[in-house]
Structures are given as C-alpha cells and as structure tokens.
Amino acid sequence: MQVVSSESLASDGQECAGCRRPITERFLLKAMEHFWHEDCLKCSCCDCRLGEVGSTLYTKANLLLCRRDYLRLFGATGSCSACSKVIPAFEMVMKARGNVYHLDCFACQQCNHRFCIGDRYYLYGNKILCELDYEETVFMSRIHQTEYGAVPQLKRASRAGASKVPEACEAKS
C-alpha cells in the first residue's frame, strides 16, 4: 500500500475501488493495483482505516485485513509454558529457550516475582526461577543428594545458567 499524490496522476481522475466514486482529494491510497479514498480502504473485520494502521495490509479469502485481524484469523496460536492457556498469534510474548509465555506469566514460578528487562532468570527443570529461588533450589537439591544429610560445600550457583530478560517479542505465525 502506498500514499500517492493525485497531482502525479493523469488528470482524468481515478475511481475509488471501494466506493466507485471519483477521487478528488489531494492524496489517495494505492493497494492491490487499485486506487482508494483514505476512508474506503478498511479492514474487512474491524473496519479500521488501513492507511492509519501502517503501510501493510493483508489479503486472504477475498478479505482486506489489518495485521491483527490477519493473525487472529489465520495465524498460528500456541500455548503458554507456564499456564498452558492459548496464546493468540497477535499477542506479545516472552521466549526462553523453546518455551513461550504470556507477558503476565513470565515471572518466577516459586515466588511470583515479575521480571524487569535486564533481570536474571534461570530455567531449572523447565521452570522459570529468580536468582534467589534458583540458588535455594540448587542448594536444597544438593542437600537431598548427600548420603547422610551433611551439608556439602556449596559454591555460588554458576552464572552460566542465567539469562537476562529481553524485551517482549511478538509471536510468529
């Protein structure tokens, strides 16, 4: 989709593909090899003006769609690794290794601490843990592994297993 000045077109006037009336405004949209009034190029589902929501439109099954509705109708959905509920294709998500999470579910699964960008988190047994809960979990598992219950020497948990929280990303269809 592109915005075109009507002055750069032939003076015979262009017909809008939506309403079939002549386009007399200074600017018009060109999409799918046709010209449109700005008000006529709309999403078939939500009626948003496609010229206002970006420079991309989607077509499928004879529908003109905005990105959100295209993903909602035809995008792949997945499920959250924490709550197992469906994640719609258009929703922002957090990813850690092969796991995908709702933004609200991306928190320590021990203490429910919500992570901020740059915070360290650990994946331990497919659970997201904050640094303190990770160290406690590793410490307790080492205690249970000793034969006589003696506290083994424990070095601070390796930072190699830690990851920093990135910015949220969009689910890919």
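How far is the sulfur of C111 from the closest cysteine sulfur, and which residue holds that partner? The close-ups below, all taken from a predicted model, start there.

**View 1. C111 and C108, a cysteine pair without a bond.** Here the sulfur of C111 sits 3.7 Å from the one in C108, its closest cysteine sulfur. That's too far for a bond, because a disulfide needs the two sulfur atoms within 2.5 Å. Don't go hunting for a disulfide elsewhere either: the structure has zero of them. As for its surroundings, C111 is partly exposed, at 41% relative accessibility.

**View 2. C116, another partly exposed cysteine.** The relative accessible area of C116 comes to 47%. That makes C116 partly exposed rather than exposed, since exposed would take a value over 50%.

**View 3. M32, a positive phi in the loop between β4 and β5.** Strand β4 covers 27–31 and β5 covers 34–36, with M32 in the loop between them. Its backbone is the thing to look at: phi is near 55°, a positive value, and M32 isn't a glycine. Most residues other than glycine have a negative phi. With 44% relative accessibility, M32 is counted as partly exposed.

**View 4. A61, a positive phi in the loop between β6 and β7.** This loop joins the picture between β6 (58–60) and β7 (63–65), and A61 is found in it. Phi is positive here, at about 55°, even though A61 is no glycine. And is A61 buried or exposed? A61 is exposed, its relative accessible area being 61%.

Terms used. Residues are numbered from 1 along each chain as its sequence is written. This is a predicted model: local features need pLDDT of at least 70, side-chain atom pairs count only at pLDDT 80 or more; totals for chains, interfaces and linings use all residues. Side-chain values use heavy atoms; hydrogens and water are left out. Buried means under 20% relative accessible area, exposed over 50%, partly exposed in between (1.4 Å probe, protein chains only). Helices (H or I, at least four residues) and strands (E, at least two) are DSSP runs, numbered from the N terminus.
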